[in-house]
Amino acid sequence: MTSKSDTRIRSAALARDTNETSIVLAINIDGGDFPSNTDSRLTKSLNGENGHATQASKSQTIAINTGIGFLDHMLHALAKHAGWSLALNCKGDLHIDDHHTAEDVCLALGSAFKDALGAPTGLARFGSAYAPLDEALSRAVVDLSNRPYAVIELGLKREKIGDLSCEMIPHCMQSFAQNARVTLHVDCIRGENDHHRAESAFKALALAVRAATTKVAGREGEVPSTKGTLTT
């Protein structure tokens, strides 16, 4: 018998305001429509009035504006290849630097992902993937463990890519893992160009998340753990 948790729409909307950033976002892990409680401040992004990191198809809507172009680019790649619909706006204290904006956006994204995922029953739980971008090759492994942990080795050499500090790129993945309560390992295995290394890492992460969140036919309502729980 299929349970309600297996048929629910896996979506969530979130608003997060601090003295450093103001963030609104909506996510649907399976693509498609956003939840009815999506913040009205996302309307302009959804209408395509903002930005470069927007894309609409019959299966996905993506509209991202953090104020940091390269972060938008990476989150666009993450959403696209994970199969998500994602709308996200952030107004941050970029007059200081990029740290608060990049960190808070990924913390908020992790929280929304966790809320959208709900009880992790009937899922593959584990996912792994490789993704190339020209000479760069990255590997990502994900566990929907409820045990937040991240090991990120990207080997970036530049100080910045666009307006995003290279030190913030692994920190973004760590921040996502923290609030999504997942374990993830992401390694760039080879590559000469830092843009390629970073982008291949986000694409590998996207594919691994997509695999981990896949519903497994015949395992509806089952908890993929020998403990019998992934919530404590």
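Two residues are in contact when they have heavy atoms within 4.5 Å of each other. Keep that in mind as you tour this predicted model.

**The whole chain**

Start with everything shown as a cartoon. You should find six helices and eleven strands. The radius of gyration is 17 Å, close to the 17 Å that the globule rule gives for 232 residues, so the chain is as compact as a globular protein of that length. Turn the view around: along its principal axes, the C-alpha trace spans about 50 × 40 × 35 Å. Of the 232 residues, 51% count as buried. Contacts often bridge long stretches of sequence, too: among those with a separation of 6 or more, 73% are between residues 24 or more positions apart.

**Helix α4**

Now select residues 99-117, which form helix α4. This helix has 19 residues and reaches 27 Å from its first C-alpha to its last, close to the 27 Å expected at 1.5 Å a residue. Is α4 mostly covered or mostly uncovered? It is mostly covered, with 14 of its 19 residues buried. Step just past the end of the helix to Gly 118, where phi is positive, at about 70°.

**The nonpolar core**

Next, show side chains for Trp 84, Phe 113, Leu 184, Val 186 and Leu 205. The largest nonpolar core has 61 residues, and these five touch the most other members. Zoom in on Leu 184. Which residues does it contact, leaving aside neighbours within four places in sequence? Among them are Val 141, Tyr 149, Ile 152, Met 173, Phe 176 and Leu 205. Apart from this core lies another, of five residues, including Val 24, Ala 26, Phe 34 and Leu 42.

**Ile 152**

Stay with one of the partners of Leu 184, Ile 152. You will find Ile 152 in strand β8, residues 149-153. Why is Ile 152 called buried? Its relative accessibility is 10%, and buried means under 20%. Not counting residues up to four places away in sequence, Ile 152 touches Pro 170, Met 173, Gln 174, Leu 184 and Val 186. For a sense of scale, draw a line from Ile 152 to Lys 91: they are 61 residues apart in sequence and 27 Å apart in space, C-alpha to C-alpha.

**A hairpin to finish**

Finally, select strand β3 (residues 53-56) and strand β4 (residues 61-65), which pair in the antiparallel sense over four bridges. Highlight Ala 53 and look across to β4, where its bridge partner is Ile 64. Then follow the backbone through the four residues of the hairpin that joins β3 to β4.

Terms used: Residues numbered from 1 in each chain as written. Predicted model: local features only at pLDDT ≥ 70, side-chain atom pairs only at ≥ 80, totals over all residues. Heavy atoms only, no water. Helix = DSSP H or I, 4+ residues; strand = E, 2+ residues; numbered from the N terminus. Expected span 1.5 Å × (residues − 1). Buried < 20%, exposed > 50% of the residue type's maximum accessible area, 1.4 Å probe, protein only. Core = buried A, V, L, I, M, F, W, Y, C linked by side-chain atoms within 4.5 Å. Pairing = 2+ DSSP bridges. Rg over C-alpha atoms; globule rule 2.2 N^0.38 Å.
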